[in-house]
Amino acid sequence: MRHYRSLFLIYGLSQFLAWGESSPFGLKPNDLGIQLMPYGTRERAMGSSGMASEDPGVAPLNHSRQAFSRQTTFSATFEGDVDYLRDEATSNRTGSFALPLIGMDFHAGKLGNFGVSYWQRFSREFSFSPMENEGNVRQNLQFEGGLHELVTAWAFPIGNRIAIGAGYHWLIGRERSIFASEFTGIGDGSRNLTGDTLQVKSSGGYPALSAMFRHRLFNLAGSVSAGADLTQKRKRSITGVETPDWLEFEKEFPWSFALGTAYKLSPNKVLTADYSSLLFEVNGDVNPSHLVGFGFEKVGTGGLYDPYHKKIALRGGVGYEYLSLDAANHYFLAVGTGLPLGRRGGNLNVAVAYGHRGSTEINLISEDYVKLSLSLTGVGNWGRSSRNSR
């Protein structure tokens, strides 16, 4: 019950924020939007790294990590941020909220671990009104929606050092792009265009494979995800006049791969480094994206009867991302902590990150953001005898 109270508390705090992740760098038609991180708050605090570290949290890009877990776990991540957007003449501020990752991993004894999760993969939530317009026309541009994934996975340990994982990702997407125009100072405003709206529905799927090797001094992990033909249905309306039918198109979803390592400085201290890439085909100003992150974690060593502060984990990290949009660089740093909940291994992770995207000189727009991330992980004994529980 204590875990559920914490979950409701996090949800209540999150409602002070708006929807999705705000960023103008995901609006190009050949791109898919801004990718939300495929891990939880713990990895966010470690500079978006940690796929090779041992943790019961859900990890859609590295299913094999779950093979070493002997408990059934539940994870939910909530993220909110405040974005400061600037161009050469103006600036504005937007707030956002997302539930990017939620899932369960079931320990099934000798059969390995089975997992199911939801991942908000890409987001296009963004709107703005240009400050300067020619004549008496004022425009408003709004983008909303994104691409989501439902993931089923299986992980199996081969001895105590090697684990393999396999999963299938179902892609589900729904987006709207709204371009509204208001003709000010002309008659009674009857000529205003309420919205040129493009609706897009997407569907598809792809398999993924992962593997992990662990040693007393270090861990190594890798994963690869196949590309897919993303089926899209598009429908356009102009000031309330809709096209009669949905038009169907095919769009390529890129291959991706990720590599990670974790070096164990001591039993409770670890250094992590991750690299991942989305292999978008070069098309205009859309290119393959690259993400590299470095992190540190110190796990609390306090026992059951030690003071609470000795059980807390401390984390920090930095990272760099080359976005799929040409010349749009992304730098970020983060700090965080892990707060244990109960005796079974549940925890509440907290992270605060600062990031910068783009440049007013190169991209004509830049973005600074402060992001708050919270993850709740609950641990149960389903699939194993209570005699063997911790």
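Which strand contributes the largest share of the negative patch? In this predicted model, the answer is strand β12, spanning residues 247–253, from which three residues of the patch come. The patch lies on the surface and gathers Asp229, Glu248, Glu250, Glu252 and Glu281 into a region of negative charge.

The protein chain that carries this patch has 390 residues, of which 48% are buried. Its secondary structure comprises two helices and 19 strands. Contacts between residues distant in sequence are prominent in number: among those joining residues at least 6 apart, 62% link residues at least 24 apart. The accessible surface of the chain amounts to about 19,400 Å², and carbon and sulfur atoms account for 59% of that area.

Among the members of the patch, Asp229 was examined individually. Asp229 is located in strand β10, which covers residues 228–238. Asp229 is classed as exposed because its relative accessible area is 60%, and a residue counts as exposed when this value is over 50%. When residues up to four places away in sequence are left aside, Asp229 touches Ser203, Glu250 and Lys251. One of these, Glu250, is also a member of the negative patch. A further spatial relation involves Tyr206, which stands 23 residues from Asp229 along the chain; the C-alpha atoms of Asp229 and Tyr206 are separated by 8.9 Å.

Key
Residues numbered from 1 in each chain as written. Predicted model: local features only at pLDDT ≥ 70, side-chain atom pairs only at ≥ 80, totals over all residues. Heavy atoms only, no water. Patch = residues over 30% accessible without salt bridge, like charges linked within 9 Å, V, L, I, M, F, W, Y side chains within 5 Å. Areas by Shrake-Rupley, 256 points an atom, 1.4 Å probe, with all protein chains shown as cover. Salt bridge = Lys/Arg side-chain N within 4 Å of Asp/Glu carboxyl O. Lys, Arg positive; Asp, Glu negative; His and termini not counted. Charge placed at Lys NZ, Arg CZ, Asp CG, Glu CD. Helix = DSSP H or I, 4+ residues; strand = E, 2+ residues; numbered from the N terminus. Buried < 20%, exposed > 50% of the residue type's maximum accessible area, 1.4 Å probe, protein only. Contact = heavy atoms within 4.5 Å.
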